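Me: I would like to go through some labels given to residues and pairs here. For each one, please set the value against the cut-off.

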Amino acid sequence: ERKAKPGVKASASSGQVTVVLDTTLTQELRLEGLARDFVNRVQKLRKDFNFDVTDRIVVKYMTACPRIATALNEHRGYVMQEVLAVEMQEVTKEADIGISGSSVHLPAAQEIDGKTIIISLSRTQG
């Protein structure tokens, strides 16, 4: 019989195979989770705004949460690829959150990890 090492929170054995999962949430994993939550919010907004699945977009966002800002900065490429963004920009002033383009929508307040983030999307032309 095999037993997990002390401190291991998730393990299972069957015959000669034992699987051990490290369930520790590191800072890196937490930031990745915040970026994935942002992608989820943008995808929902795309649907709410009736964007086509293939529409390329411009994303602007504003948040007072440094962790969310760090997550989006560190996972910028992933986020842009997932939401088909040709541009993604953090803004610090309300006046800068507006976007010009062929299909502009009012900025939408969203909640991620209990913190508010304002997201503005527009379809690009062409």
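Me: What makes the approach of the Thr 63 side chain to the backbone nitrogen of Cys 65 a polar contact?

Reply: The side chain of Thr 63 reaches that backbone nitrogen at 3.1 Å. A polar contact is a pair of N or O atoms within 3.5 Å; within protein, one must be able to donate a hydrogen and the other to accept it, and residues adjacent in sequence count only if both atoms are side-chain atoms. The Thr 63 side chain also reaches the backbone oxygen of Thr 116, at 3.3 Å. This is a predicted model, in which local features need pLDDT of at least 70 and side-chain atom pairs count only at pLDDT 80 or more, while totals for chains, interfaces and linings use all residues. Residues are numbered from 1 along each chain as its sequence is written, and side-chain values use heavy atoms, with hydrogens and water left out.

Me: Why is Thr 63 called buried?

Reply: Its relative accessibility is 13%, and buried means under 20% relative accessible area (exposed is over 50%, partly exposed in between; 1.4 Å probe, protein chains only), so Thr 63 counts as buried. Thr 63 is found in strand E3; strands (E, at least two residues) and helices (H or I, at least four) are DSSP runs, numbered from the N terminus.

Me: Which residues is Thr 63 in contact with, leaving aside its neighbours within four places in sequence?

Reply: They are Ile 68, Ala 69, Glu 90, Thr 116 and Ile 117, where contact means heavy atoms within 4.5 Å.

Me: Why is Val 53 called exposed?

Reply: Val 53 has a relative accessible area of 75%, which is over the 50% limit, so the label is exposed. Val 53 is found in the loop between helix H1 (27-48) and strand E3 (57-63). Beyond the neighbours within four places in sequence, Val 53 is in contact with Arg 46 and Leu 84.

Me: How many aromatic pairs does the structure hold, and why is the pair of Phe 38 and Tyr 61 called edge-to-face?

Reply: The structure holds two. The ring centres of Phe 38 and Tyr 61 are 5.6 Å apart and the planes are at 65 degrees; rings of Phe, Tyr and Trp (its six-membered ring) pair if their centres lie within 6.5 Å, and planes over 60 degrees apart count as edge-to-face (under 30 as stacked, the rest as tilted), so this pair is edge-to-face. Phe 38 lies in helix H1 and Tyr 61 in strand E3, so the pair ties together parts that are 23 residues apart in sequence.

Me: What makes the pair of Phe 49 and Phe 51 tilted?

Reply: The planes of Phe 49 and Phe 51 are 55 degrees apart, with 5.9 Å centre to centre, so the pair is tilted.
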